[in-house]
Amino acid sequence: MDAPETVEKQPNTEEIDYRELRMATMEAGRFAPLANNVWFLTGQVDGAGGFRYVPINTSPFRVGRRSDLSLCLPSATVSSLHAEIVERDGALFVRDLGSTNGTYVNGREVDEEVQIGENDLVQFANIALRVNRQANERGGVTAVENVGDQALALTRFDDLLSERAVVPYFQPIVRFENQEIVGYEVLGRSRLFGLNSPKEMFLAAEQLNLETELSRMLRHEGITAGQSLPTNPRLFVNTHPLELKHPAALIGSLEELRRAFPNQPITLEIHEAAVCNAETSRELRAALNSLDMELAYDDFGAGQARFAELAEVPPNILKFDITLIQGIHRATQPRQNLLSTLLRMTHDLGIRSLAEGVECEEEADACRRLGFQLAQGYFFGRPASALRYTS
């Protein structure tokens, strides 16, 4: 969903001049390939375990223990002026600058200048960093400005994870019968530049292969913030599709949640498109049952409706996608009949139905007549911080 429009007063954004910071990322030493490619080094640059995403925004890009260099590596094994990376004709090259403990590319020591590319592992003494690239296919001045914004957002992603700098928002889920709030979907927001919405967060996470870590953090922080909501409501938390490829890790994260919040009613949402392996789904469903958590299939009808999986591993709740709900009061009779048939099938399987994206009274009335049991959307409440629902 789009970022909420809310009348509640928001805390001030960090006291940072983002224009100045963005320009620093694109400072005078920038070189031509930034218009099409932004190169980064990723990994742990100190012993504290923090993951960094360092843009290679100058040529030469000098690395060493000195604090005035492009990249300072505070390790006793790294020389004061250890190595440098230079750009020529859109390609990157690394050379050692007479360091004590050497520079390595993919495990081989650099004797002369060596070209490096995406996914290469560059090691400065005992500090190993991965070379990554973010491509931007749009040309011109505007594209360069966008690349700078993206580069800045990516450099802040480490702060997002290490500082757990998310602001959970909650959107109410109501029962049609009496419009009582029965739960909230947990939605992630942030006030870090370029990482405000879930889309922006996961685009950055994708560049770093950290989608799973971000998803787990959003669930935990959402439930933590949800403890201030009145009446201990059910919280609907999301998954990333990649998590379904490693069900044991996903189940482990859910076990951690249950230990941390033993009395919190929780429903795990899985995107309909990710429900394609019946064995994995059965394993997950069994684990959820043992943890006293519910299962919801999200965005049903957005793509290929997976009826076989509904019968094989029925969820507790089926969330019908907003594309099926928008304008339903003006829809043709055949379309309404189709939705009514889908609802009957859902209820026959013992699954509760939820209409997503209900935005007006006419849509709400039509969904109620068709037989939906639950609803969510702007008509019933926009996403907001927990403060909105506790004041």
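Is V110 buried or exposed? In this predicted model, V110 has a relative accessible area of 5%, and because this value falls under the limit of 20%, the residue counts as buried. V110 is placed in the loop that links β8 (108-109) to β9 (114-116). Leaving aside residues up to four places away in sequence, the residues that V110 touches are V94, R95, D96, T103, Y104 and V105. With one of these, R95, the separation along the chain is 15 residues, while the C-alpha atoms of V110 and R95 are separated by 6.7 Å.

For the chain as a whole, the secondary structure amounts to eleven helices and 19 strands. Of its 391 residues, 50% count as buried, and the accessible surface comes to about 18,600 Å², with 47% of this area belonging to carbon and sulfur atoms. Among contacts with a separation of 6 or more, 59% are made by residues 24 or more positions apart. The average pLDDT of the chain is 83, and 81% of the residues score at least 70. Over residues 1-35, however, the pLDDT is below 50, although this stretch has 65 contacts in the model beyond near neighbours in sequence. Residues 136-148 also have a pLDDT below 50, and for this stretch 19 such contacts are found beyond near neighbours in sequence.

The strand β9, which follows the loop of V110, belongs to an open sheet of five strands in the order β4-β3-β5-β6-β9, in which the pairing is mixed. The edges of this sheet are formed by β4 (71-72) and β9, each of which pairs on one side only. Strands of a sheet pair through backbone hydrogen bonds, and this pairing is either parallel or antiparallel. Between β6 (residues 91-96) and β9 the sense is antiparallel, with three bridges, and within this pair F93 stands opposite Q115 of β9.

A further antiparallel pair, again with three bridges, is made by β7 (residues 103-105) and β10 (residues 121-124), where the bridge partner of Y104 is Q123 in β10. In a regular strand the side chains alternate between the two faces of the sheet. Such alternation is found along β10, where V122 and F124 point to one face and are buried, whereas L121 and Q123 point to the other face and are not buried.

The second sheet described here is a closed barrel of eight strands, which runs β12-β13-β14-β15-β16-β17-β18-β19 with mixed pairing. From one strand to the next, the twist averages 30°. Strands β12 (residues 167-175) and β19 (residues 374-376) run antiparallel and are joined by three bridges, with Q376 of β19 as the bridge partner of I173. Within the barrel, β17 (residues 317-320) is joined to β16 (residues 294-300) by three bridges in the parallel sense, and F300 stands opposite F320 of β17. The pairing of β17 with β18 (residues 352-355) is parallel as well and extends over four bridges, and here the bridge partner of L318 is S353 of β18. The side chains of β17 point in two directions, I317 and K319 one way and L318 and F320 the other, and all of these residues are buried.

Among the helices, α3 (residues 198-208) and α4 (residues 211-226) have axes that come within 8 Å and cross at roughly 140°. The contact is made by M201, F202, A205 and E206 on the side of α3, and by E211, L214, S215 and L218 on the side of α4. These contact residues divide into five nonpolar, one polar and two charged.

Some details of the backbone remain to be described. Most residues other than glycine have a negative phi, and most peptide bonds are trans. The peptide bond from S59 to P60, by contrast, is cis, with omega near 5°, and P60 lies in the loop between β2 (51-55) and β3 (61-64). A positive phi, near 55°, is found for D89, a residue of the loop between β5 (83-88) and β6. D89 counts as exposed, with 82% relative accessibility. For D292 the phi is also positive, near 60°, and this residue lies in the loop between α6 (278-290) and β16. With a relative accessibility of 61%, D292 likewise counts as exposed.

How values were computed. Residues numbered from 1 in each chain as written. Predicted model: local features only at pLDDT ≥ 70, side-chain atom pairs only at ≥ 80, totals over all residues. Heavy atoms only, no water. Pairing = 2+ DSSP bridges. Axes fitted to C-alpha atoms, helices over the stretch in contact; angles between N-to-C directions. pLDDT = per-residue confidence, 0-100. Contact = heavy atoms within 4.5 Å. Buried < 20%, exposed > 50% of the residue type's maximum accessible area, 1.4 Å probe, protein only. Areas by Shrake-Rupley, 256 points an atom, 1.4 Å probe, with all protein chains shown as cover. Nonpolar A, V, L, I, M, F, W, Y, C, P; charged D, E, K, R; others polar.
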